[in-house]
Amino acid sequence: MTAGNDQNNPYLSQQASVQSAPVVESSDEQRMIIADQDGERHLVGVVQEVVLLNPATGERRFIRSQYLIRSEDGRLMLNPGKEQIYNCSTCGRKGLTQFSIHFCVCQTVHCLNCIHELQDEQGNPLYFCKPCFRKERIRRFFRWLFSIRIEA
Ligand SMILES: [Zn+2]
Ligand SMILES: [Zn+2]
């Protein structure tokens, strides 16, 4: 009768249940953060490493988790800290991957909504921001104008 009571006694059986639960022996977290010039910060990737120790068996389990973050243009940032993430210089959209931007001839970055496209003599696309687009159209207009005067 006393033996049966001991088995149901939560204070006596507690030790066994505590021993089987693994405990976190060590944990490490690496965060990749973009710091914009205006002071805003964006998290672009997290790597977590946790070592779990099973006190009953002495067994260690090493768990490494990498969190991939989705960019503003709906794509996964697969290589956080290694791939370029862009902001549009015109409208200010942030967290854009290479698929959603073009460089202007002046080397500033613009999203697909803000960039203007013209073709060169061979029909290849050229990309312009708004001020460069205006200059290019004026340049092309005068080139056309002078070509008429030369022919006349
Ligand atoms: Zn834009
Ligand atoms: Zn430009």
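# Exercises on strands, loops and a core

E117 sits across from Y127 of β7. That pairing comes from a predicted model, and it makes a friendly place to begin. Keep the structure open while you work through the exercises below.

## Exercise 1: The hairpin of β6 and β7

Task: Work out which residues face each other in β6 and β7, and describe the turn that joins the two strands.

Solution.

Step 1. Find the strands: β6 covers residues 116–119 and β7 covers residues 125–128. They run antiparallel and are joined by four bridges.

Step 2. Place the pairs. E117 is opposite Y127, and Q119 is opposite P125.

Step 3. Look at the turn. Five residues separate the two strands of this hairpin, and G123 in the turn has a positive phi of about 85 degrees.

## Exercise 2: A sheet of three strands

Task: Establish the strand order of the open sheet that contains β1, β2 and β3, and decide which strands stand at its edges.

Solution.

Step 1. Begin with the background: strands of a sheet pair through backbone hydrogen bonds, either parallel or antiparallel.

Step 2. Take β1 and β2. These two run antiparallel, with 12 bridges between them. One contact point to look up is V24, whose bridge partner in β2 is L52.

Step 3. Take β2 and β3. Nine bridges connect this antiparallel pair; here V50 has I63 of β3 as its bridge partner.

Step 4. Put the pairs together. The order is β1-β2-β3, with antiparallel pairing, in an open sheet of three strands. Because β1 and β3 (60–68) each have a single partner strand, they stand at the edges, and one side of each lacks a neighbour in the sheet. On average, neighbouring strands here are turned by 10 degrees against each other, direction ignored.

Step 5. Inspect the link from β2 to β3. Six residues lie between the strands of this hairpin, and G58 takes a positive phi near 80 degrees.

## Exercise 3: How covered is the sheet?

Task: Decide how many of the nine residues of β3 are buried, and classify S26 and D36 as buried or exposed.

Solution.

Step 1. Count in β3: the number of buried residues among its nine is zero, so the strand is hardly covered.

Step 2. Turn to S26, a residue of strand β1. S26 is exposed because it has 11 C-beta neighbours inside 10 Å, and the limit for an exposed residue is 12 or fewer. From the C-alpha of S26 to that of E49 the separation is 8.2 Å, with their positions 23 residues apart along the chain.

Step 3. Move to D36, in the loop between β1 (23–35) and β2 (41–53). D36 has 11 C-beta neighbours inside 10 Å and therefore counts as exposed. Its C-alpha is 9.5 Å from that of K94, although the two are 58 residues apart along the chain.

Step 4. Set this against the whole chain, where 10% of the 152 residues count as buried.

## Exercise 4: The core and the loop beside β4

Task: List the residues of the largest nonpolar core, then classify Q107 and C106 as buried or exposed.

Solution.

Step 1. Recall that in soluble globular proteins, nonpolar side chains tend to be buried together.

Step 2. Name the members. The largest nonpolar core consists of six residues: I85, Y86, C88, L96, I101 and C111.

Step 3. Follow I101. Beyond its neighbours within four places in sequence, I101 contacts Y86, L96, V109, H110 and C111.

Step 4. Go on to Q107, in the loop between β4 (101–103) and β5 (109–111). With 7 C-beta neighbours inside 10 Å, Q107 is exposed. Q107 is not a glycine, yet it has a positive phi of about 75 degrees.

Step 5. Finish with C106, also placed in the loop between β4 and β5. C106 is exposed because it has 11 C-beta neighbours inside 10 Å. Leaving out neighbours within four places in sequence, C106 contacts C129 and C132. C106 and P131 lie 25 residues apart in sequence and 9.9 Å apart from C-alpha to C-alpha.

## Exercise 5: The whole chain

Task: Write the order of helices and strands along the sequence.

Solution.

Step 1. Count the elements: there are three helices and seven strands.

Step 2. Read them in order: α-α-β-β-β-β-β-β-β-α.

Step 3. Add the contacts. Among those with a separation of 6 or more, 34% join residues 24 or more positions apart.

Notes
Residues are numbered from 1 along each chain as its sequence is written. Chains are lettered from A and ligands numbered from 1 in the order in which they are written. This is a predicted model: local features need pLDDT of at least 70, side-chain atom pairs count only at pLDDT 80 or more; totals for chains, interfaces and linings use all residues. A residue is buried if 20 or more other C-beta atoms lie within 10 Å of its own, exposed if 12 or fewer, and partly exposed in between; C-beta atoms are placed from the backbone. Two strands pair if DSSP finds at least two bridges between them. Axes are lines fitted to C-alpha atoms, for helices over the stretch in contact, and angles run from 0 to 180 degrees between N-to-C directions. Two residues are in contact if their C-beta atoms, placed from the backbone, lie within 7 Å. A nonpolar core is a set of buried Ala, Val, Leu, Ile, Met, Phe, Trp, Tyr and Cys residues joined through C-beta atoms within 7 Å.
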